[in-house]
Amino acid sequence: MESDSLITIHSLLGNIYHGVVAILTMILPLLEKAVVPLVSAGVTVCGTLGGVYWAQKGQIKLKIIDLDFQRENIKREEKIKRDKELVDERKSKYTSFINKALHMNQKYIYDACDPSSQDYIEFTIIHNELQIIAPQSIREFAYKVYSSVNEYILFSKNHQNDLIIMDTCDKLRHESIKKIALFQAFTNKDIIKYYND
């Protein structure tokens, strides 16, 4: 909140300053018209007054440039802050999704997952959150991981004596873990990219 109030005060002061500059911009040309005839008449006071006028005009211009520069810096810093917050949120969601996918793979080695279980609902929620905040390439990969983990954890493991079913189950688990690992590497590149810029 302190940053917001500082920006608001800064904006207000900038608006007041621009108002004063606008008034001076209207008055100074009138003053200039009054000063020029006096200078041509040879009055030395007018030379001093003209110097003050031009010095003030230059100072005003420098202050306007300085304020514009400060505003640009504030905007740039706000954008950097927003970008960092978004990257931190994405990093948190990526980590949660990876952890939950690995947890689901481990938990449902011998049993099939019930789609109405709390674990499954949480896994789906994390996946949906990723679909909202992640870039398109990450969303596509997250969906592949989600589908692969689903295929494995929902697969019926009730026939553990059947070698074909167990072989299929092992292949599904292996494929799911491989996709999770690839997703982790892919999201790592996405996050590192921000810190390297």
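1. Buried here means under 20% relative accessible area. The model is a predicted one. By that cut-off, helix α5 holds a run of buried residues: Ile165, Met166, Cys169, Leu172, Ser176, Ile180, Phe183, Thr187, Asp190 and Ile191. Ser176, Thr187 and Asp190 are listed there along with Ile165, Leu172 and the others.

2. Overall make-up. The chain has five helices and zero strands. Along the sequence the pattern reads α-α-α-α-α. There are 197 residues, and 27% of them count as buried. The accessible surface of the chain is about 13200 Å². Carbon and sulfur atoms account for 63% of that surface.

3. Contact range. Take the contacts between residues at least 6 apart in sequence: 73% of them join residues at least 24 apart. Several of the points below give examples of pairs from separate helices.

4. Helix α5, geometry. At 1.5 Å a residue, its 34 residues should span 50 Å. The end C-alpha atoms are 49 Å apart, which agrees. The helix covers residues 163–196.

5. Helices α3 and α4, geometry. α3 has 16 residues and reaches 23 Å between its first and last C-alpha, close to the 22 Å expected. α4 has 18 residues and reaches 26 Å, close to the expected 26 Å.

6. The nonpolar core. Which residues have the most contacts inside the largest nonpolar core? They are Phe97, Met104, Val149, Ile153 and Phe183, in a core of 25 residues. The elements giving two or more residues to this core are α2, α3 (118–133), α4 (136–153) and α5. α4 gives the most, with seven residues.

7. Buried positions in α4 and α3. In α4 the buried residues are Ile138, Ala142, Val145, Tyr146, Ser148, Val149, Asn150, Tyr152 and Ile153. In α3 they are Asp119, Tyr120, Phe123, Thr124, Ile126, His127, Leu130 and Ile133. Both lists include polar side chains: Ser148 and Asn150 are in the α4 list, and Asp119, Thr124 and His127 are in the α3 list.

8. Ile153. This residue of α4 is buried. It is also among the core residues with the most contacts. Leaving aside neighbours within four places in sequence, Ile153 is in contact with Met104, Asn105, Tyr108, Asp111, Ala112, Cys113 and Tyr120. Of these, Met104 is another of the core residues with the most contacts, and Tyr120 is a buried residue of α3.

9. Aromatic pairs. A search of the whole structure finds six. In one of them, the ring centres of Phe97 and Phe183 are 5.3 Å apart and the planes stand at 75°, so the pair is edge-to-face. This pair links distant parts of the chain: Phe97 is in α2 (residues 44–107), Phe183 is in α5, and the two are 86 residues apart. Both are buried.

10. The aromatic cluster. Ring pairs link Tyr94, Phe97, Phe123, Phe141, Tyr146, Phe183 and Phe186. Phe123 is a buried residue of α3. Tyr146 is a buried residue of α4.

11. Thr187. This residue lies in α5. What is its relative accessibility, and how does it count? The value is 4%, so Thr187 counts as buried. Not counting residues up to four places away in sequence, Thr187 touches Tyr94, Ile98 and Ile138. Ile138 is one of the buried residues of α4, and Tyr94 belongs to the aromatic cluster.

12. Ile191. This residue is also found in α5. At 7% relative accessibility, Ile191 counts as buried. Beyond its neighbours within four places, Ile191 is in contact with Val87, Lys91 and Tyr94. Tyr94 thus recurs: Thr187 touches Tyr94, and Ile191 contacts Tyr94. By C-alpha, Ile191 and Asp88 are 8.5 Å apart in space and 103 residues apart in sequence.

13. Ser96. This residue is found in α2. Buried or partly exposed? Ser96 is partly exposed, with a relative accessible area of 31%. Its C-alpha is 9.3 Å from that of His127, 31 residues away in sequence. His127 is a buried residue of α3.

14. Cysteines. Cys113 is buried, with a relative accessible area of 5%. Cys169 is buried at 2%. How many disulfides are there? The count is zero. Cys113 is one of the contacts of Ile153, and Cys169 is among the buried residues of α5.

Notes. Residues are numbered from 1 along each chain as its sequence is written. This is a predicted model: local features need pLDDT of at least 70, side-chain atom pairs count only at pLDDT 80 or more; totals for chains, interfaces and linings use all residues. Side-chain values use heavy atoms; hydrogens and water are left out. Rings of Phe, Tyr and Trp (its six-membered ring) pair if their centres lie within 6.5 Å; planes under 30 degrees apart count as stacked, over 60 as edge-to-face and the rest as tilted. Helices (H or I, at least four residues) and strands (E, at least two) are DSSP runs, numbered from the N terminus. Buried means under 20% relative accessible area, exposed over 50%, partly exposed in between (1.4 Å probe, protein chains only). Contact means heavy atoms within 4.5 Å. Accessible areas come from the Shrake-Rupley method with a 1.4 Å probe; for residues, only the protein chains shown count as cover. A disulfide is a pair of cysteine sulfur atoms within 2.5 Å. A nonpolar core is a set of buried Ala, Val, Leu, Ile, Met, Phe, Trp, Tyr and Cys residues joined through side-chain atoms within 4.5 Å. The expected span of a helix is 1.5 Å times one less than its number of residues.
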